[in-house]
Amino acid sequence: MPSLIQLVEQTPLFLITLDQQGKFTGLNPAAEKCFARRTAELLGQPFTTVLDPFSHAKAALMLERTLMEGSVTDWELDHVQPGAPPILIGYTTTVLQNAAGEFGGIGAIGRGLSRQLELTARLADTNQQLEGALLQLEKTYTQLKTTQTQLIQSEKMRSLGQLVAGVAHEINNPAGFVANNLADLARRMPLVQTLFEAYAPLAAKADPAESARLRAAEAAVAISYLWQDLPDLVHESQAGIERIRQIVLSLRNFARLDEARLKESDLNVGLRSTVQIIRSQCHDRITLIEELNTLPKLWCNPGELNQVFMNLLINAMQSIEQQGSIWITSCVDTGKIVVTIRDSGSGMDTQTLARLGEPFFTTKPVGTGTGLGLAICFGIVAKHHGQLTFKSQLGQGTSARVEFPCLG
Ligand SMILES: Nc1ncnc2c1ncn2[C@@H]1O[C@H](COP(=O)(O)OP(=O)(O)OP(=O)(O)O)[C@@H](O)[C@H]1O
Ligand SMILES: [Mg+2]
């Protein structure tokens, strides 16, 4: 039959008894082994003899509390060990009573915490490694998101550019022959008129019936007005075809497929073409006000910058619900080329302002916005060593400012 004595003798827990002054009155073999001292040596010695000096005050407090409150739990004390680092022991104490029910000393059960500490340290280490891995994962995720945005951007740019260039090409051919034919018509019309006027005396010589028929035919086509109006009609048609030519030029300027690489360019050219393209969508609802000042050339990818202006202009347009205006300005300000696109639209609250440029952030209904426009803009502007900033207030409109350092 196992006895409690065997438990005391064989347990790996440290069992010690102390008197009221905190001097050893007994200890079990596990405690002897841990303190590396024999019972005979320790009996009558203060408990602090086996403690690290840093734990002396804490041990005094442990005894004081035990005497006052009857017990303490998990009181941690450092113990010196010959030739080894201090060992941490967690004590649970209790006041002992003798058979007569009087104070009989203090009993303490100790448990080595070094293994636990080691485990905690290992856990902290693993935790740190995990946090590192998580950070790395977050970084990779952000990079992936940026790459995805760039991919979508280049794909968007490519297909938009191809579409625009295709449309421009298709319009260019018929517009070209209409312009040529009109020029031809304008050149030949006076000849026809001269010929017609040469026939006039012959008509006068015709017999009265024939002459009356000719005068009636002339009256039916209002010949005198016709000769008056025809040059105007041709002239107006030529002006119309010239406008179409300008639009085609703008579309080609905008697409700039031939200029995938960097070149010196005037931002106003791109701005004008882009404004021209969106003008048709403004109708009478939105007034576009351009104030473009002479700019020095910028070393840039013009097609990409047109994409920035386009995205900003579309956002400005979409922010105007009913009637409104968009002001487009360019100038040089303290050594920088500055383009601003300001609208009288809905404006933004501070939360929206803070999230601008975050890929896939949109407040527009599903199917209207992908939330990539500004992410693309920020990317392109940063690539050109420029800055894109916004000022906005809810209900007060928005001002987008793009600036680039001047050449030189
Ligand atoms: N001029 C502006 N006025 C008011 N809100 C704006 C303006 N520009 C941007 N925003 C806000 O910023 C959000 C993000 O704009 P962004 O251009 O990146 O995406 P989007 O316009 O929603 O979608 P996408 O441009 O991909 O079609 C918009 O949904 C809108 O809430
Ligand atoms: Mg947008």
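Here is a walk through the main features of this protein chain and its ligand, based on a predicted model.

Let's start with the overall layout. The domain assignment divides the chain into domain 1 (4-112), domain 2 (139-258) and domain 3 (259-408). If you take the centres of domain 1 and domain 2 over their C-alpha atoms, they are separated by 107 Å. Another pair of residues gives a feel for distances in the model: Phe35 and Arg261 are 226 residues apart in sequence, and their C-alpha atoms are 78 Å apart in space.

Now go to the beginning of the chain and look for a hairpin. Strand S1 (residues 14-18) pairs with strand S2 (residues 24-27) in the antiparallel sense, and three bridges join the two. Within this pairing, Thr17 of the hairpin faces Gly26 in S2. Five residues lie between the strands, and one residue in the turn, Gly22, has a positive phi of about 85 degrees.

A little further along comes helix H2 (residues 29-35), which contains Phe35. Is Phe35 buried or exposed? Phe35 counts as buried because 24 C-beta neighbours lie inside 10 Å, where the cut-off for burial is 20 or more. Leaving aside residues up to four places away in sequence, Phe35 touches Leu42, Val50 and His79.

The next stop is helix H4, which runs over residues 56-69. Its 14 residues reach 20 Å from the first C-alpha to the last, close to the 20 Å expected at 1.5 Å a residue. Four residues of H4 are buried: Ala59, Met62, Leu63 and Thr66. They sit on the same side of H4 because they cover an arc of only 95 degrees around the axis. A general rule helps here: an α-helix has 3.6 residues a turn, so residues three or four places apart point the same way.

What do the buried residues of H4 pack against? Their partners are strand S3 (71-81), strand S4 (84-97) and strand S5 (103-112). Turn to the face of H4 that points away from the buried side, and you will find the exposed residues Ala57, Leu61, Glu64, Met68 and Glu69. Just after H4 comes Gly70, with a positive phi near 95 degrees.

Finally, have a look at ligand 1. It is surrounded by 22 residues, and the closest are Ser319, Thr362, Gly369, Gly373 and Leu374. Helix H9 (302-319) and helix H11 (373-383) each contribute at least two residues to this shell. The largest share of the shell, four residues, belongs to H9.

Terms used:
Residues are numbered from 1 along each chain as its sequence is written. Chains are lettered from A and ligands numbered from 1 in the order in which they are written. This is a predicted model: local features need pLDDT of at least 70, side-chain atom pairs count only at pLDDT 80 or more; totals for chains, interfaces and linings use all residues. Two strands pair if DSSP finds at least two bridges between them. The expected span of a helix is 1.5 Å times one less than its number of residues. A residue is buried if 20 or more other C-beta atoms lie within 10 Å of its own, exposed if 12 or fewer, and partly exposed in between; C-beta atoms are placed from the backbone. The arc is that of the directions from the helix axis to the C-beta atoms. Two residues are in contact if their C-beta atoms, placed from the backbone, lie within 7 Å. Domain bounds come from an automatic or database domain assignment. A residue is near a molecule or strand if its C-beta atom, placed from the backbone, lies within 6 Å of it.
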